[in-house]
Amino acid sequence: MVDYVFDGSFGGLLTAVFESFERKHPEVRLLLQGHTTNLFGEVIEILPDPQKAERVWKGIKRHAGDIGHQNFYKAFLSEDPVVFQHLIDYAIYIFTHEAGHSRNYGNEHVLAISQMAHKVHREKHRMEAFIRFQKSSDGLFFALIHPDYNVLPLVIRHFKNRYADQAWLIYDERRKYGIHYDLTQVQEVRLDFKPTRDLSPTGPDITMDDKEALFSLLWKTYFKSTNIVERKNMKLHLQHVPKRYWRYLTEKELG
Amino acid sequence: MREERIQEKLQILADAAKYDVSCSSSGSNRKNTNKGIGDTGSGICHSYTEDGRCVSLLKILLTNYCIYDCAFCVSRNSNDIKRAAFTVEEVVELTMNFYRRNYIEGLFLSSGIFKNADYTMERMLRIVKKLRLEENYNGYIHLKTIPGASEELVTEAGLYADRMSINLEMPTEMGLKLLAPEKSHEEVRKELGIIRNKTLEYKDGYKLIKKPPKFVPAGQSTQMVIGATPESDRDIMQTADEYYKGFSLKRVYYSGYIPISHDSRMPAIGTAPPLIRENRLYQTDWLMRFYGFDVKEILNDQHPNLELDIDPKLSWALRNPHFFPVDINTADYEAILRVPGIGVGSAKKIVTARRFGKLHIYQLKKLGIAYNRAQHFIRCADSPFQLNEKDPSRIKGIILQNSQSKYMKSQPNQLSLF
């Protein structure tokens, strides 16, 4: 068993897979930089290499197919060190077995990747449902999110296709970066101030559109009026909208 | 928009529209190709109300003024309630602003009938046209057809809507005549027929025109109110079956009647809506659409009503012991699909997985079937040998004992330890 230390990037992880074959290390313990505890054994530092990463990424597509390929990336976005280990073990496993083994759910790594990809996908879908834009006075539609997994890269296409004629910004408070669409392209952005849900005093340059308060009030009104009191079922309600997501939801704000 | 008035209108016209249960926003294929706004796809539930129902569309009436006096309807002419009407511009502005904020997948527009059917339908058509042609809007639109509207208006609306629907209201003509003498199923059939025929026409013309226009791409649906009139479950599901087949409907919705009137012909105000019955009807609907059951196998002269304590699939299985046990390793997909506790997903997995070797109990459990339920009806590689087949009433007892019904949760005098 050899210890590899990588920087936590996707390119770094793929490079680690490459190195394990190059250096003939069939078993690798993958550690995240800054979290190493191994003081005595051999530690190999992995520097992300775009060419090596690209080769591995193509290889995964060849061995695991389109869905396996996507699942590999989705599972990576969980940002979970345990999953990182599964990912490198999974890659080594599918590269050393003939085609089809990427669907052998009897293998613990295959199953772990598939299950984690499923969880990340569900979180992506929840963001597509629960994001609530607020409109600023300069016409930017702005939303803050705090997802369990790093799903911003996965929602870009959905929001770009749907909201093609309005500028928007979705900002992940937890990971401190956002995606911004300027009517032509989507770019990653980092803000140098801490935005808040109501955008008011802390965002020095952002003020709300005149009608923002009205439409948010109308939405709350609608949400209340479309409920059928005689059918109240809070258990089902909470099952569909777990409390941790209420922070996004305009209709769940008080008042 | 005057703020207070628009808020009051929204209150009134959302409240009046909420008894239409469809909230589906899937099944259409409209893409945002013009760099406008919006697209459709597999549908998204953006929120859920406290009754546990999904909120996907802005579901409103254009107006709740109505010339009709249907006894089951909250907007009936003789009901003393606040009335309101949106302008075309107001509906468009609400839809666009809700959509742009990612509150909704689209608009569900219905209406009471003011003046006459065509006058109302024409207004609704103006709204969808304005959305599509002026606002460049490609999101979902579900449009209710107004009973009695002309073929020209209905056909034109089909060019802009994703889904259209018109409600049967009551499961039988007799029930409808009892509570809404001005309406008829004949009229519903006429309107459904217009869209069905036009859809077929476009389909046939597909080879002639390179890019035929989209015409009601998410299909048609209808709704029946359950429990307002004394129809049996067999009456209800036979009607559903007939309309699924005759008009290629995408969905039939069943809406448990919530008493809104002191009319002595219907359940009194305060009577709980028939939620379990409604659930059993939806289960039957699924069995017909996805499980290969014919309606007559589930509901017939001997069994005109569904059992409330067990689901219709289990009920069928217990009545047909000769069909079981089903051998998981050799039976057809269709037979496996009929086993209580096995759904479409696990039936498919079983058929795929058994190619690599005989399936055992532990594997079936892992595949995600409800084994506690299914075990009484199947054989697999290591099923325990049984001398006597258990009798159906015993199986029912065992299953009921070992399962928790979501409807039985509030048992009286049950002590909680924690």
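## Strands, chains and contacts

Q: Which residue of E5(B) is the bridge partner of B:Phe108?
A: The partner is B:His142. The model is predicted: local features need pLDDT of at least 70, side-chain atom pairs need pLDDT 80 or more, and totals for chains, interfaces and linings use all residues. Residues are numbered from 1 along each chain as its sequence is written, while chains are lettered from A and ligands numbered from 1 in the order in which they are written.

Q: What makes E4(B) and strand E5 (residues 140–144) of chain B a pair?
A: Two strands pair if DSSP finds at least two bridges between them. Four bridges join E4(B) to E5(B). The criterion is therefore met. The two strands run parallel. A strand here is a DSSP run (E, at least two residues), a helix is one of H or I with at least four, and both are numbered from the N terminus.

Q: How do you know that E3(B) and E4(B) pair?
A: Five bridges link them, in the parallel sense. One of the bridge partners in E4(B) is B:Gly106, which faces B:Leu57.

Q: Why is the crossover from E3(B) through H2(B) to E4(B) given its handedness?
A: The β-α-β crossover is right-handed. The term applies if, with the strands pointing away from the viewer, the path from the first strand over the helix to the second runs clockwise. E4(B), helix H3 (residues 117–134) and E5(B) make another unit that is right-handed.

Q: Why is strand E4 (residues 106–110) of chain B called enclosed?
A: A residue is buried if 20 or more other C-beta atoms, placed from the backbone, lie within 10 Å of its own (12 or fewer is exposed, in between is partly exposed). Five of the five residues of E4(B) are buried, so the strand is largely enclosed by the rest of the structure. Over chain B, 44% of the 418 residues count as buried.

Q: Why is chain B called as compact as a globular protein of that length?
A: Chain B has 15 helices and 10 strands. Its radius of gyration is 24 Å, close to the 22 Å of the globule rule for 418 residues, so the description holds. The radius is taken over C-alpha atoms, and the rule is 2.2 Å times the number of residues to the power 0.38. The C-alpha atoms fill a box of roughly 75 × 55 × 50 Å along the principal axes.

Q: What makes up the contact between chain B and chain A?
A: Contact means that two C-beta atoms, placed from the backbone, lie within 7 Å. Chain B gives 37 residues and chain A gives 35. H1(B) gives the most to chain B's side, with seven residues. That side divides into 15 nonpolar, 12 polar and 10 charged residues. Asp, Glu, Lys and Arg are charged; Ala, Val, Leu, Ile, Met, Phe, Trp, Tyr, Cys and Pro are nonpolar; the others, Gly among them, are polar.

Q: Why are E4 (134–135) and E8 (186–189) of chain A said to stand at the edges?
A: The open sheet has the order E4-E5-E6-E7-E8 (chain A), with mixed pairing. E4 and E8 of chain A each have a single partner strand, so one side of each is left without a neighbour in the sheet. Strand E5 (residues 141–145) and strand E6 (residues 168–172) of chain A pair in the parallel sense over five bridges. In E6(A), A:Leu169 is the bridge partner of A:Phe142.
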